[in-house]
Amino acid sequence: MSDKFKLLLRYPSAAVGLLIISLLIIISIVTVITIPYSEAIRLWRGDSETWQEYPRTAWPAWINILPGINRPTTINLTSETDGVKDTRSVSEDITEVNITIPFNFQYDDFPSEMSIFFKSSYKEQKPHVELFWINPKGEEIHIGSLEGSGAHRMSVDDRLTRKLGGKPAHIGLFADPDNLELPIKGEYTIRMQGFLFGDQDTLDARMVVYGQVHGFAGTDHLRRDLMVGLLWGIPVALAFGFLAAVGAQLNTFLLAAIGVWYGKWLDGIFRWITQVNLILPILPLLIMIGMFFSRSIWVILGAVILLSIFGSYYFVLRAMFLQIKGAPYIDAAKAYGAGDARIIFRYLIPKIIPVLLPQFVSIIPAYVFLEATISVLGLGDLHLPTLGKIIHDAHSHAAIFNGQAYWMIQPSILLIVMGIAFAMLGYTLDRVFNPRLRQI
Amino acid sequence: MPLALKRLGGRTVSNIDNAQNQKDIGEDKNVSRTSSLLGRSFTRIARYILVRFLTIGIAVVVGILLTIFIANWGGYLDEIKKATIAEQVGIGVREDASIRDLPADERLKVINELIAIQERRLGLDRPFLARTPGYLVSALTLNFGWAPTMTSPSGSREVRLIILERLPATLVLFGTAQMFLFFAALFFALFLSRRYGSILDKAIIALAPTSAAPAWFYGMFLILFFAVLIPVLPFGGMVEAPPPQTTWGYALSLIEHLILPVSAILFSAVFVSTYSWRTFFLIHSSEDYVEMAKAKGLPSSLIERKYVLRPTLPPIIMSFALTLITMWTGGILLEGVFVWPGLGTLFFEAIGRGETAVILGTTIIYAYLLGLTIFITDIIFALIDPRVKIGTGGNS
């Protein structure tokens, strides 16, 4: 076995395949430890609290490395740390709070959205806030008068949009009057003049200028960081592919051994079931199971295994077992009185295990892509993030037509890298374990 | 050389034999003898095809039965039936003036009674197993009544028509792709087996693992590159809208729309097929009788055709049939990605709308398509595999 392994590593394709697979396994282990299962599900459920400070459908930040591209990242400002805040009392029960937050904006493109989140405590009446915007040219714009609590989404504020000549805040407030296509670069200031109506009342604010790029992987339509989905997609895909391959192959293997050993009618029945199974449209049946019963990845896994046990591979194994069945050492075993089970498990099966290995490795991508296909069709697991689900989201939001190609490309690349790595290893294993192929 | 001589000698001897026989028995008898030999192999082939037809037919029926069982675990078939009954009763009531003019609550009562009668007539109150034969028949004939929200291109709401009207588009797409795939892979495989070890050969081997990804996967990238980044080809659909009026315009538009999906299918399968067929060829070209033929100095094209291609054809057909089987159902998402108006897109849409009857019907159509694929493979087998003709067993 170890000399086979050495032989295997002499093939560059096997070495590369093994390297990629081990890398993916390491990433999977690290991911599952750092983002536990329940946390991953919570994050991917994507309630508004978790992701509200993330931009929508933002490209990964690495896009800014490309020449000529300089898209803004998200700017997150809070009155506690980034601004100057001074408080003075106007009258007995009215306090005026002045908050100014300056920030630097040096990008060639507009932000994607703007929001202000107020954090206030009050007894009876909500604080009143006057919002002002000062651009690098020193022009001051009155953004609006609002209640100082909750979230204020400036980009969907119709009154503000009208004031800015029909442009939403994140464009209108940044646009250069001389060239409306470009934002003015420089220091902007947001000024808030708040009035508190109780002596214990407080007012703080956080402003988020949502960027067009985010993190290593970008975000999706629900502001979720795709990194979470991509990272968790790897262990899910690997586990699905591996378990399905183990489940299906081992069972096929056992059944072929038993069928051949007992021969006659049992083999006939198995062959017939295999022929029926060949005609079963597996993907539509899985879709039906997903639609009518359960979309849980484990149920689908079980169904996949059940439907692939009697795959066409049964015939290949059967032919091999038939050859071994006639070998002299089997006759010898029979002669000394070995039982059926002993012959099947100790003599027939061990002989074929090496031949099984290449097929086992090369079939894994098929199952990985089967799961992806089901997910892309919209029948993926309801809770778990999977690579296929990300592609499904991207596809149903026409990502490649809306200039959001990253959304589709990243999970796809992970899938294809995984698939090619296993396939490369499988092909080479085939050469190593099938001497007849090694000669040619 | 000696072998060839011997064979030549043998033939001469048998010719003399024949000549003597002809003298003795006369020409008439000889003709009938050849024809009876032909007849015998014809009956063998016919019997083989009949047996395969029955086996596959039974397999299809069992497969559809299984589909019905899966569908009716959740009672979905009953729902389809009940919806159909309600629809029929509704139409009947609208036609019938005596019921239509009744007050609303009485009319509802009459309708409910009619529905109950129909349900009893169709045996919906009987246990599932007793209803299965009926369901099987309606499944085999795709008789699933009307779809609640979907319509066929011609405007019908009958599930059978919705499905059957989508079939030609699927057949056009996959027929074209399969034809290209078969001949391209065969050509490349023969070409590479001649140039074993060349850079091109190694490149194809290196590309074989890319076939791990299904066609829809490459389809998305092809759309991204050739319809979005460099918009030279249409991103989806079967013909442009509105469809061209002239036959030539229509054909041209169809070809233009076929390029990307067919390329996606080819890309996902051609390398692995080339690789495995090339291996078949290489194994067979190292057989002794091929060496012999080479030694005899036969032209290499003849050796390829008669000594290598002929014996490798059955395993190639078998491997191609297996590729086709995965391709049919794997094409569901490919069609969805390219909005190709075939069965796959229908399935995709039906999933989105939760149209149970259409999903079930499409699953059954796929079972028929798979059965047909295997049956055609068997017929081809009967024609090219001499073992069938002389009666020493089929392809199993």
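Helices, in the numbering used here, are DSSP runs of at least four residues counted from the N terminus. The model examined below is predicted.

**Exercise 1. Helix H12 and the residue that follows**

Determine whether helix H12 of chain A is buried or lies in the open, and state which phi A:Gly337 takes just after H12(A).

Solution.
1. Helix H12 of chain A covers residues 328-335, eight residues in total.
2. A residue counts as buried if 20 or more other C-beta atoms lie within 10 Å of its own.
3. The number of H12(A) residues that are buried is zero, so the helix lies largely in the open.
4. Just after H12(A), A:Gly337 adopts a positive phi of about 95 degrees.

**Exercise 2. Overall form of chain A**

Set the radius of gyration of chain A against the value for a compact globule of 440 residues, and describe how chain A is divided into domains.

Solution.
1. A compact globule of 440 residues would have a radius of gyration near 22 Å, whereas the value for chain A is 31 Å.
2. Along the principal axes, the C-alpha atoms of chain A fill a box of roughly 110 × 45 × 35 Å.
3. Domain 1 consists of 2-42 + 223-433, and domain 2 of 70-210. The C-alpha centres of these two domains of chain A are 54 Å apart.
4. In secondary structure, chain A has 16 helices and nine strands.
5. Of the 440 residues in chain A, 41% are buried.
6. Among contacts in chain A with a separation of 6 or more, 74% are between residues 24 or more positions apart.

**Exercise 3. The four-stranded sheet**

Give the strand order of the open sheet of four strands in chain A, and explain why one side of S1 and of S7 is left without a neighbour in the sheet.

Solution.
1. The order is S1-S9-S4-S7 (chain A), with antiparallel pairing.
2. Strand S1 (75-78) and strand S7 (150-153) of chain A stand at the edges with a single partner strand each, so one side of each has no neighbour in the sheet.
3. From one strand to the next, the twist averages 15 degrees.
4. Four bridges link S1(A) to strand S9 (residues 202-210) of chain A; in this pair, A:Ile75 has A:Val209 as its bridge partner.
5. Nine bridges link strand S4 (residues 113-121) of chain A to S9(A), where A:Val209 is also the bridge partner of A:Met114.
6. S4(A) and S7(A) are joined by four bridges, and A:Phe117 has A:Ala151 in S7(A) as its bridge partner.

**Exercise 4. The five-stranded sheet**

Identify the edge strands of the open sheet of five strands in chain A, and state how many bridges join S5 to S6.

Solution.
1. The strand order is S2-S3-S8-S5-S6 (chain A), and the pairing is antiparallel.
2. Strand S2 (84-89) and strand S6 (140-147) of chain A are the edge strands, each pairing on one side only.
3. The average twist from one strand to the next is 15 degrees.
4. Strand S5 (residues 128-134) of chain A runs antiparallel to S6(A), with seven bridges between them. A:Trp133 has A:Ile141 in S6(A) as its bridge partner.

**Exercise 5. The side of chain A that touches chain B**

Describe the contact between chain A and chain B, and state which element gives the largest share of the chain A side.

Solution.
1. Contact involves 40 residues of chain A and 46 residues of chain B.
2. Elements that give two or more residues to the chain A side include helix H8 (264-279), helix H13 (340-379) and helix H15 (405-433) of chain A.
3. H15(A) gives the largest share, 10 residues.
4. By class, the chain A side has 32 nonpolar, six polar and two charged residues.

Notes
Residues numbered from 1 in each chain as written. Chains lettered and ligands numbered in written order. Predicted model: local features only at pLDDT ≥ 70, side-chain atom pairs only at ≥ 80, totals over all residues. Domains from an automatic or database assignment. Pairing = 2+ DSSP bridges. Axes fitted to C-alpha atoms, helices over the stretch in contact; angles between N-to-C directions. Contact = placed C-beta atoms within 7 Å. Nonpolar A, V, L, I, M, F, W, Y, C, P; charged D, E, K, R; others polar. Rg over C-alpha atoms; globule rule 2.2 N^0.38 Å. Buried ≥ 20, exposed ≤ 12 C-beta atoms within 10 Å, placed from the backbone.
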